[in-house]
Amino acid sequence: MYADWSSLTIQLQSLGSATQSVLSKLPQDDGKQVVAAVVKTVASHLGITVPSDAKPSTLNTEQEVNWCMEVICHGLCLPLTEHEVIRDSVNIYCEWLSALLPNPKVCVPKPVQEDPNFYAQKIITQLNHLFIPRKGEAQDTIHRQAVVCHRVLRRVQELAHQSQIMERGTWDALLSFLLAINDALLSPPAVKDDIGDQLCERVLGVLFEIWLIACVKSFPGPTLWKTLREMCMNWRHRAGLVTQWNRVNLTLTSRLIAFLYGPRFPVLNIPKEDMDLVPTEMTHECVAQSWYRFLNCLGNPVELSKPVSVSDTQQFKEYALKSFGVIDPTYHPCLVSLPTIFLRAMKGVSAIVDAYLGVYNSLHLDQDIPEPEPVSALLNNPLIPTPPASRKNIILGLAAQAHSHMSSIPSRAQNRSLKDSIIKTPIMRERSDVGKSQSVIGRPTAKDSVVEKTALGRAISVDGNALPNLEGLPRAGQIMSMSRSSSATSAAVSTTSSTSMNVSTQSIVNSTAVLAAVTGTLSDQHNLTPSPLRPSCNSILHLFGLWLFEAAFIGTDAAKTGGSKKEQTGSSRPSSLSKGNTTMTSEPVDLPPGLTPDKFESGRAEALGALCRVLCSKRTGEEILPVYLARFYLAVQNGLTVGHDKVVSESLASILLNSSNLLRIDLDGVNVLAPSIVSALEAVLPEKEVKLTASYVNKADLRRAAIHLLQSMLTLPLHFANMQIKELLPIGERPAVNNFNQLKPRLVNLLINALQVEVEAVNTQMLLGCLLMTVQDAAALEEAELRQNDGFSDNSARNSAGVFQAASDSVSMMSDYTSISGDRHSLQEHMLDASYADNVTDSAHALFVRATYLVCHRLISSWKSDLATSLAALELLRGLARINIPEQGLILFESFNIYRRLCFCKITSMLMFFCQSWISLIFI
């Protein structure tokens, strides 16, 4: 983005030595005495403690002021033990800076009042000395340094907010000063309770706050933006950087989507203290430019998972050379927090992705809805220069057109017209730096379709003739319920077909949902539905695909391969799907134990969850680039790998929770994931106690998401039969699956075993529905086969032995079963033994026997205390009784008669229990 511009990094890092006072040439004691005498005299006129005691300054000429400034500059460089001298020097400069405010103090010298911008630039530059860390100082002196630093930061904030006369040179000096002090405090390796540790959040917050104000009053030039990016790369080991980065990104995203997608798009509601970061007078074009640049100021956030990249700075290398206990920069103790920092960064990216999807919590639809900001004239004052070849300024180019169509608050049609023009206007492609996170696939996705890049780095697939009406989009995308982990027990089941969303209804994304996503604590989020006005999946993946895909492969073999060429040599930015030298490079083997790839599993899980939500938001008929689909399937296949002893990793849990509708939205080639999904479900559904590596995952939600996936797969073997399942990549020791028929026994066993161990009522009712559907489908298939083969089916004959075995086993077990309260455990194990089940699951008769026995048994033993589940079980038995299972040869009538009598006995006992319960309740 800034390849053609120079950086101020080296200049700002040497700012302290370049602004030394002439008194530094004198002996230290002599210079100290001069400073103490001069500063004490000047400070006596300030009236700090008693404002009424303030007196006019006796400095009346420029020479006198310049001489005093040389003395004060040296006072700012003194050791912290000279606290009073340093404090007085800070007070003098802070009072003199009031010359830029509407009401300057009376103590400001006359030359400073006459040319405040010139002297303010010199003062701000010299204040850099105050923030330079002093080595070997005691903790109390460091605390005193922090106090005077806060005083300067407060004054700087006042200047940015209140000054009306600051010139561009003063703004540049102010931003350069903030960059210099942040780099001086934050670039060294973090040490607990040092000055950098105490001021980290504060100096970063002031930097981003004033930078946003400068975007409105004096937009920073490309040189400053490039310097900000380079310096932020040196501060990535500080957790506060990612925290502030997330705050700014989410706030700007809230403003961006409000005018980009119109008032009917769900509004991302941000807390007031965060919304105040962005000035209300910031224009739409300025919001767009600032959002794009702040999003990329951290570089590639996935590099936070690479200790070698984070520690590849001059300060870390110097520390490693000077320290006896650190043999390599990656072994510095402060880098132990990188997994947490990486997780925060990925949660921030995930929250932005959710904002673009328009994901909202339906529980908050009844809240007051704020009026979104109207789309007005886009930009009256042009932004400060960026080279024409490097400007992504599409919105600015449309300002004149937009202004001519909008005299006041625009109508909805005008909003739509503006949006269409933004999408359709072509812009110049340019070459950017390697490693940027935006990539455009240059080839069209379909006939008469082009991929065009907008001001925000988006790539939107647009029909060559006309943009489709957003209000008439298919509603299939609204069917999804995108589950996420919750800390509370679920209350209601997510239905697979929800009612159509009224697009005229305005909805709010509750701020707690977004903040919880960033901080790692998720609230009770159910029925999360993407907005029908959301951008296409390709658009979101063009923006965030590079980061999400790279993070999704952390710790896998795919992350260790590199060197492949870009998919398109003429691409203006690196492809999100390429594995070049800047992404997915192999990590060194010798890493500290706390920084191995498996320690970054939480961040990887967040990226996988975001990818699943993006792909699951696909609309009916929407095309997704094959390269994105292929990469997504590889990432999901790697993430679905089951750990040793059926331990469910965070990545596996995140995929299940966020992709419950993955098999329902007609993704091209998604069935290649079927074997991997089945293997993952086998680690969740049959287990009474799911073994989770992440304690925050709610097991009921996880099982429910797994049941949704199981529901989606039960009909696949009947539909695709012997169709071959192609293997993406061989992973682990999973059973070889060549076609869909081989999945049928495993799916049936999953369903039966899940019903055996499920204790949550809603999940149980969903499984009962699945069981009834499975028996009905099997019976319908056998009946169709018999009709097709004139009453005889090879498949039916092949399974006849299994039918007889199922019936005879039932007779032998039931003949000894004289009491309803007998030894149900041993009987159940024998009846549902895996080897036994594999022989009989292909037959409708066998499924009928297993289903009837299991439901009757659990009905009397476990479900009779739950009315809703009992009624659902009775409804299943009613449905089974109506199934017409075609006869196949000789049936063991006596066996089935005994079996039916036992089932009848169980149902009667259950009904008697209900009657007794109701009678006791009535009499009580």
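D666 is exposed, with a relative accessible area of 62%, and this residue is the place to start (exposed means over 50% relative accessible area, buried under 20%, partly exposed in between, with a 1.4 Å probe and protein chains only). The model on your screen is predicted, so local features need pLDDT of at least 70 and side-chain atom pairs pLDDT 80 or more, while totals for chains, interfaces and linings use all residues. Residues are numbered from 1 along each chain as its sequence is written, and side-chain values use heavy atoms, with hydrogens and water left out.

**Stop 1: two loops**

Stay with D666 for a moment and look at its backbone. The phi of D666 is positive, about 60 degrees, although D666 is not a glycine. Its surroundings are the loop between α26 (650–658) and α27 (674–681) (helices, H or I with at least four residues, and strands, E with at least two, are DSSP runs numbered from the N terminus).

Now select K646. This residue sits in the loop between α25 (626–639) and β5 (647–648). K646 is not a glycine either, yet has a positive phi of about 55 degrees. With 40% relative accessibility, K646 counts as partly exposed.

**Stop 2: aromatic rings**

Next, display the aromatic side chains. The count comes to 16 aromatic pairs (rings of Phe, Tyr and Trp, the last by its six-membered ring, pair if their centres lie within 6.5 Å; planes under 30 degrees apart are stacked, over 60 edge-to-face, the rest tilted).

Pick Y93 and W96 as one of these pairs. Their centres are 6.2 Å apart and their planes stand at 55 degrees, a tilted arrangement. Follow the backbone and you will find both residues in helix α5 (residues 83–96), 3 residues apart, which is about one turn of the helix. Y93 and W96 are both buried.

Then go to Y356 and F544. Here the ring centres are 6.3 Å apart and the planes make an angle of 55 degrees, so this pair is tilted. Y356 belongs to helix α18 (residues 338–357) and F544 to helix α23 (residues 537–552), so the pair ties together parts that are 188 residues apart in sequence. Both Y356 and F544 are buried.

Keep those two rings selected and add Y261, F265, W291 and W547. Ring pairs link these residues with Y356 and F544 into a cluster.

**Stop 3: salt bridges**

Turn to the charged side chains. The whole structure holds 23 salt bridges (a side-chain nitrogen of Lys or Arg within 4 Å of a carboxyl oxygen of Asp or Glu).

Select D274 and R247. Their closest N and O atoms are 2.8 Å apart, forming a salt bridge. D274 is in helix α14 (residues 272–275) and R247 in helix α13 (residues 239–260), so parts 27 residues apart in sequence are tied together by this pair. D274 is buried, at a relative accessible area of 10%, while R247 counts as partly exposed at 25%.

Next, find K306 and E550. Their side chains meet in a salt bridge of 2.8 Å, N to O. Trace the chain on both sides: K306 is in the loop between α15 (284–295) and α16 (307–310) and E550 is in helix α23, so the pair ties together parts that are 244 residues apart in sequence. K306 is buried, with 7% relative accessible area, and E550 is buried as well, with 3%.

Move on to R703 and E758. In this salt bridge the closest N and O atoms lie 2.7 Å apart. R703 is part of helix α28 (residues 699–713), and E758 is in the loop between α30 (744–757) and α31 (761–788), so the pair ties together parts that are 55 residues apart in sequence. Both R703 and E758 are buried.

To finish this stop, highlight E95, K105, R151, R155 and E158. Salt bridges that share partners join these residues into one network.

**Stop 4: cysteines**

How many disulfides does the structure hold? The number is 0 (a disulfide is a pair of cysteine sulfur atoms within 2.5 Å). Centre the view on C616 and show C612 with it. C616 is in no disulfide, and the sulfur of C612, the nearest cysteine sulfur, is 6.1 Å away. C616 is buried, with a relative accessible area of 1%. For a last selection, choose C770, which is buried at 3% relative accessible area.
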